[in-house]
Amino acid sequence: MRSMCSLRKTVAIAILVGFAALGAHAQQSKLFGISAAEYASRRAAVRAAAKGAIVIIQGPTEAGDIELVRFRTRNEILYLTGVEASAVLLAILPEGDPSGKREMLFVPAVSPGMSQWVDAVPGPGPESEALTGIQSIVSTRAMWEKLEPSVRAASTVRLVGAAGQEARFSPNGQIEERLKRINPAVSVEGRAERLINPLRWRKSAAEADNLRKAIDATGIAQRNCTSAIRPGATELEVEGAILAGFRKGLAVREGFPCIVGSGPNSCILHHFSNERVMRAGEVVVVDIGAEYNYYSADVTRTFPVSGKFTPRQRDLYQLVLDTQRACEAYVKPGKTTMRDLDMYARGLMAKSPLRAKDRDGNERTMDSFFAHGLGHWLGMDVHDVQGDSNVLMPGTVFTIEPGVYIASEGHGFRIEDDYLVTETGLEKLSRYIPSEIAEIEALMRPKTAAGARTPARGNPRNPRGARLRRR
Ligand SMILES: [Mn+2]
């Protein structure tokens, strides 16, 4: 929220914080759902972890004069600044830096005529500093002049991304050259992500809220897409209904390309082409995630194209669902590792009485058809960064997504949900998105044009049992 507050409220907050680091404006504003104070504490944590080194993070640059894709900055820049602008550079400076500053953000100058062409972005100066809580926001043109005393005094500079030989022809390589010219003795090291990843791994309450919004938009899309699933329709139509659902949920982009895999494509784990025509009797795997405020959901449902699963499909679906439920109950926060959980899921599948034939025609237990890992961390990256361990620690968010893929029968099944680890167990963030067989089949029943659920045939509230045509 970014509403203006009454003068009285401003004064009260200013007194509470004792006119501390941030102005009243910064106290009020949230950038991408995160307060200026939270961004400041993230920068302070990186500064402490850098142990006297300067940390430099360079954001990406928009290509060309007119942008044809919606700009997205790199996660490390957004995580530490809340600023989504092209061609920025963040320098986090050590204690005792000669500039007397904690940090400097360099942004391109903003000219008055730009506002007719592009959306407003923070420019250099006090207004942006007040908005973001960043101590010093300076024009990129003055960058090396401003950084020179800091670089002269530094023994180490750490870059996010590659350094040295590996970075030779990249933008980081140019920065390194510049740094060495100012101070030939300075040591330039890459992979400063390692200072940031442990912070990103554990989510704050505000980050969990961003994930909830991403998951809500994904739930709208999962429901919405069932109206496009029918024999004769293409996977692309389903994708269209998914994207409409994302936008309805205020997600400006998807966290990864939509996977809509029908029939044999349901066995292709990262099927992105989505051009196949669906046929009666098949299943379709819908693995999607809306991105909201730079946080991505990741939720998979498997639907029967004709509206009802066959008995064999029901058995396979139920095995996957039961495995997921058992995994949820198995997690002990702060103890269970991702690997423990993965092994546990495979053990459960191996115990199932179900069998299927592999590509060579041999009968196998179900664990042989579980072709990928059980889950992954979730956050700003759909396969999010890991902290210092593989343990499901309170505050981390991850997915549980068992699946079986039986190419010899032409179908695969995957169910994926998103979980926040709490002190006592798991909060299933995607619990509002149905996954029981009866619920999935109910979603597949025809809907009215307004999107309202049509009661099933024989429902007492719908005595005529009218079947409305699918759109
Ligand atoms: Mn996933």
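What is the strand order of the open sheet of six strands, and what is its pairing? The order is 6-5-4-3-7-8, and the pairing is mixed. The legends below describe a predicted model, in which local features require pLDDT of at least 70 and side-chain atom pairs count only at pLDDT 80 or more, whereas totals for chains, interfaces and linings use all residues. Residues are numbered from 1 along each chain as its sequence is written, and side-chain values use heavy atoms, with hydrogens and water left out.

**View 1. The open sheet of six strands.** Strands (E, at least two residues) and helices (H or I, at least four residues) are DSSP runs numbered from the N terminus, and two strands pair if DSSP finds at least two bridges between them. Strand 6 (137-139) and strand 8 (187-189) stand at the edges with a single partner strand each, so one side of each lacks a neighbour in the sheet. On average, neighbouring strands of this sheet are turned by 20° against each other, direction ignored; axes are lines fitted to C-alpha atoms, for helices over the stretch in contact, and angles run from 0 to 180 degrees between N-to-C directions. Strand 7 (residues 156-159) and strand 8 run parallel and are joined by three bridges. Thr156 has Ser187 in strand 8 as its bridge partner. Helix 7 (residues 171-182) lies across strand 3 (54-58), strand 4 (89-92), strand 7 and strand 8, at about 145° to strand 3.

**View 2. The antiparallel open sheet of three strands, in the order 10-11-14.** Strand 10 (259-262) and strand 14 are the edge strands, each with a single partner strand, so one side of each has no neighbour in the sheet. The average turn between neighbouring strands of this sheet is 15°, direction ignored. Four bridges pair strand 10 with strand 11 (residues 283-288) in the antiparallel sense, and Val260 stands opposite Val286 in strand 11. Two helices pack on this sheet, with contact meaning heavy atoms within 4.5 Å. Helix 9 (residues 205-225) touches strand 11 and strand 14, and its direction makes about 10° with that of strand 14. Helix 10 (residues 235-248) touches strand 10 and strand 11, its direction making about 150° with that of strand 10.

**View 3. The manganese ion and its protein donors.** The donors (N, O and S atoms within 2.8 Å of the metal, or 3.2 Å for Na, K and Ca; water is not among the atoms, so sites may look incomplete) are Asp298 (OD), His376 (NE2), Glu401 (OE) and Glu416 (OE), at 2.0 to 2.3 Å from the ion. Their spacing in sequence is D-x77-H-x24-E-x14-E. Asp298, in the loop between strand 13 (295-296) and strand 14 (299-304), and His376, in the loop between strand 16 (363-365) and strand 17, are 78 residues apart. Both Asp298 and His376 are buried (under 20% relative accessible area; exposed is over 50%, partly exposed in between; 1.4 Å probe, protein chains only).

**View 4. Aromatic pairs, of which the whole structure contains five.** Rings of Phe, Tyr and Trp (its six-membered ring) pair if their centres lie within 6.5 Å; planes under 30 degrees apart count as stacked, over 60 as edge-to-face and the rest as tilted. Phe309 and Tyr317 have ring centres 5.0 Å apart and planes at 40°, so this pair is tilted; both residues are buried. Phe398 and Tyr419 also form a tilted pair, at 5.7 Å centre to centre with 35° between the planes. Phe398 lies in strand 17 (residues 397-400) and Tyr419 in strand 20 (residues 417-421), so the pair ties together parts 21 residues apart in sequence.
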